[in-house]
Structures are given as C-alpha cells and as structure tokens.
Amino acid sequence: MKLVVRVKLLPTPVQATALEATLHACNEAASWVSATGFEAKTTTNRALRDRCYATVKGQWGLGAQAAQHSIKKTADAYTTLRANLKAGNHGRPGTKRYARAAGKPLVFRKDAAQPYDDRMLS
C-alpha cells in the first residue's frame, strides 16, 4: 500500500535555489527527451529510457531517479496526448487544431510540476 502525504517544504535560501535549479533541469531534460522521441517516433517509456537515459543523467547532471522521473513524465504526456487525439478532443484528423497538437513535440514549462520522492533527496 502506498501512502501519499502532502507536505509544505520550508527550505533555506540555499536549499530553495538548489530545488529550483533541479526543477528547471528536470523540465529542460523532459523537453529534450520529448523532441528526441518525437523525431524518432518512439514515445513509450521503455524506448525513451533506452534512447535518452544516459544523456539526461550526464548533460543535466541529474541523479538516476530524477532522470527516470523526467523520462516517465514525457512518456505519460505523450500517452495523454494520444488518448486525447483518439477521443477527438483536438478535432478530427486533418483539421488545423489536430495537426497543431500532433505535429510538434511537447514542451514543458521551466516551472512545470515534477514528482519528487525520498530517493531524489540525496
């Protein structure tokens, strides 16, 4: 059984800076993973992990868990996009709205939410 607890962090200024830098790095890495997967036409978690994991860890200096979360976040976003396209939430295939949604890689805002867990806090 998994227990989810909502907490409010009260970091010191140094810790806040480190958390913000990590958040920005995770979202920048997720956008890069998205572009890489879009070009290769592979957006599943396993395919993205095989293709991008080492680069995400090395280029952005993320730990293993942060890299995994960034890749998983990207794969989940593509799963949601595919479901919305299939359900017709972006119009019918061939329309401008559909083409705009399906025709470019997903991009994550630099302050977009990022999952944290106890394995990321080292």
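What is the handedness of the crossing of helix 2 and helix 3? The crossing is right-handed. A crossing counts as right-handed if the near helix is turned clockwise from the far one by less than a right angle, and as left-handed if the turn is anticlockwise.

This is a predicted model, in which local features need pLDDT of at least 70, side-chain atom pairs count only at pLDDT 80 or more, and totals for chains, interfaces and linings use all residues. Residues are numbered from 1 along each chain as its sequence is written, and side-chain values use heavy atoms, with hydrogens and water left out.

**View 1. The whole chain is built from 4 helices and 0 strands.** Along the sequence the pattern reads α-α-α-α. Helices (H or I, at least four residues) and strands (E, at least two) are DSSP runs, numbered from the N terminus. The C-alpha atoms fill a box of roughly 50 × 30 × 30 Å along the principal axes. The protein chain has 122 residues, and 30% of them are buried. Buried means under 20% relative accessible area, exposed means over 50%, and partly exposed lies in between (1.4 Å probe, protein chains only).

**View 2. Helix 2 packs against helix 3.** The two axes lie 9 Å apart, at an angle of about 140 degrees. Axes are lines fitted to C-alpha atoms, for helices over the stretch in contact, and angles run from 0 to 180 degrees between N-to-C directions. Helix 2 and helix 3 are therefore oblique to each other. Angles under 35 degrees count as roughly parallel, over 145 as roughly antiparallel, 65 to 115 as roughly perpendicular, and the rest as oblique.

**View 3. Helix 1 crosses helix 3.** Their axes come within 9 Å and cross at roughly 50 degrees. That angle makes helix 1 oblique to helix 3. The crossing of helix 1 and helix 3 is right-handed.

**View 4. Arg46 and Asp50 form a salt bridge in helix 2.** A salt bridge is a side-chain nitrogen of Lys or Arg within 4 Å of a carboxyl oxygen of Asp or Glu. Side chains of opposite charge can pair when their charged atoms come close. Here the closest N and O atoms are 3.5 Å apart. Helix 2 covers residues 45-60, and the two partners sit 4 residues apart, about one turn of the helix. Both Arg46 and Asp50 are exposed.

**View 5. Lys72 and Asp76 form a salt bridge in helix 3.** The N to O distance is 2.9 Å. Helix 3 spans residues 64-87, and the partners are 4 residues apart, so about one helical turn separates them. Asp76 is partly exposed, at 35% relative accessible area. Lys72 is also partly exposed, at 36%. A search of the whole structure finds 2 salt bridges.

**View 6. Leu3, Val5, Val7 and Leu9 make a nonpolar surface patch.** Its area is about 470 Å². Patches are made of residues with over 30% relative accessible area and no salt bridge: like charges are joined within 9 Å, nonpolar side chains (Val, Leu, Ile, Met, Phe, Trp, Tyr) within 5 Å. Accessible areas come from the Shrake-Rupley method with a 1.4 Å probe; for residues, only the protein chains shown count as cover. Leu3 lies in the segment before helix 1 (13-40). Leu3 is exposed, at 73% relative accessibility.

**View 7. Lys41 sits in the loop between helix 1 and helix 2.** Its phi is near 60 degrees, a positive value in a residue other than glycine. Lys41 is exposed, because its relative accessibility is 74%. Thr79 lies in helix 3. Thr79 is partly exposed, with 43% relative accessible area. Thr79 and Lys41 are 38 residues apart in sequence, and their C-alpha atoms are 13 Å apart in space.

**View 8. Helix 2 holds both Leu48 and Gln59.** Is Leu48 buried or exposed? Leu48 is buried, at 0% relative accessible area. Gln59 is exposed, at 55% relative accessibility. Leu48 and Ala21 are 27 residues apart along the chain, with 23 Å between their C-alpha atoms. Gln59 and Ala29 are 30 residues apart along the chain, with 8.6 Å between their C-alpha atoms.
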